[in-house]
Amino acid sequence: MKFRFITSALLALAVGVFAFVVRGDAVSVGAAIAAALGAGLFVQNRRLLRRRRMDRAPFPDAWRAVLDEYVDFYDGLEGDDQARFERDVRYFVEEHTIAGPRGIEVEEELKVLVGASAALLSFGQPGYIWERVRDVIIYPEAFDDEYVTSSQGNILGQVGRQSSIIFSARALRQGFAAGDDGLNVGLHEMAHVLDFDGGPADGVPSLMPWHAVRGWLNLVHDEVQLIDAHRSVLRQYGATNEAEFFAVATEAFFERPTQLRKKHPELYAMLREAYAQDPAGPSEVDDEGDERSPEARRRRRNERKRRQDKKDKR
Ligand SMILES: [Zn+2]
């Protein structure tokens, strides 16, 4: 939003200077500036109006069922936070084109999972707008360098600075279905998008406070050595380069937060500051001896679900 406002202000200035050169009188300069500012505000307001319309409509039950079934993070939230998460999912899904190759329609479930990936990462920054995201293309399976889905394909997701985000539908579902293995292509690619926000993908996203950047880069260097020595919670792919490190660390931060905090406290603390979220939560224990962190709650809930599924199958 800030970006759009600056753009329209610059546009207004340019028009003003042009009008002054052509007509040379102050009235036309003022009128031109007002018109350009008005145009900028119109663009900005259109989004707000659209969002207000979305807010009035009830959140679709089918979408809620997808969040319930797949997204542990959502299940770990309470009341208002759940509503805020739903709202962010809807904004993302409605404001971006999410389709299959050549624009074919994809299942709603996949759109919701893409929206959930974005909503999860931006949950600590209410009102965050994913300006850099163009459209999202979903292939049914993993694909290869030529964007062909075949048994040789091993790319699960991809994103470039100026290009679309691409996902394999199967990998997207699996990423959420197994919510605690530190492998989630939705979170991974969205983390790359955040990284592009600050310029080139260098593993330092714009949400990292500038005073923390040097410390972050030193930490990445040490953590990559731990990965190479097989002494890390992060998966091996994180050692590829700084950008992949940030994406892989993001997956672990949301999917294995307690473990990450325990084994890599400094890394956890820096991600907590960057994302303004604390997925491991306070490590208190309640009267019944249950751990009260959101992750522990999710774990217990999954356990209950698994027991219920077993019962249903009998
Ligand atoms: Zn990657």
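**Exercise 1.** Determine in which helices of this predicted model confidence is lowest and highest.

*Solution.* Begin with the chain as a whole: its mean pLDDT is 85, and 81% of its residues reach 70 or more. Next, turn to the individual elements. Confidence is lowest in helix H1 (residues 2-22), where the mean is 59, and highest in helix H6 (residues 108-122), where it is 97. Finally, apply the general rule: where pLDDT is low, predicted coordinates should not be read in detail.

**Exercise 2.** Establish the strand order of the open four-stranded sheet and identify its edge strands.

*Solution.* The order is E1-E2-E4-E3, and the pairing is mixed. Strand E1 (97-99) and strand E3 (157-159) each pair on one side only, which makes them the edge strands. On average, neighbouring strands of the sheet are turned by 10 degrees against each other, direction ignored. One pairing can then be examined: E1 and strand E2 (residues 135-139) run in the parallel sense over three bridges, and Ile98 stands opposite Val136 in E2. Lastly, consider the helix packed on the sheet. Helix H8 (residues 185-197) touches E3 and strand E4 (165-168), and the direction of H8 makes about 10 degrees with that of E3.

**Exercise 3.** Compare the span of helix H5 with the expected value, and list its buried residues.

*Solution.* Helix H5 (residues 79-95) has 17 residues. From its first C-alpha to its last it reaches 25 Å, close to the 24 Å expected at 1.5 Å a residue. The buried residues in H5 are Phe85, Glu86, Asp88, Val89, Arg90, Tyr91, Phe92 and Val93.

**Exercise 4.** Identify the residues that touch the most other members of the largest nonpolar core.

*Solution.* This core has 64 residues, of which Leu113, Ala116, Phe167 and Ala249 touch the most other members. H6 gives the most to the core, with nine residues. Take Ala249 as an example: leaving aside residues up to four places away in sequence, it touches Leu234, Gly238, Leu267 and Leu271.

**Exercise 5.** Locate Arg102 and His230, and decide whether each is buried or exposed.

*Solution.* Arg102 is found in the loop between E1 and H6. Its phi is positive, about 55 degrees, although Arg102 is not a glycine. A residue counts as exposed if 12 or fewer other C-beta atoms lie within 10 Å of its own. Arg102 has 6 such atoms, and is therefore exposed.

His230 lies in the loop between helix H9 (213-228) and helix H10 (242-255). His230, also not a glycine, has a positive phi of about 55 degrees. With 7 other C-beta atoms within 10 Å, His230 is therefore exposed.

Technical notes
Residues numbered from 1 in each chain as written. Predicted model: local features only at pLDDT ≥ 70, side-chain atom pairs only at ≥ 80, totals over all residues. Pairing = 2+ DSSP bridges. Helix = DSSP H or I, 4+ residues; strand = E, 2+ residues; numbered from the N terminus. Axes fitted to C-alpha atoms, helices over the stretch in contact; angles between N-to-C directions. Contact = placed C-beta atoms within 7 Å. Expected span 1.5 Å × (residues − 1). Buried ≥ 20, exposed ≤ 12 C-beta atoms within 10 Å, placed from the backbone. pLDDT = per-residue confidence, 0-100. Core = buried A, V, L, I, M, F, W, Y, C linked by C-beta atoms within 7 Å.
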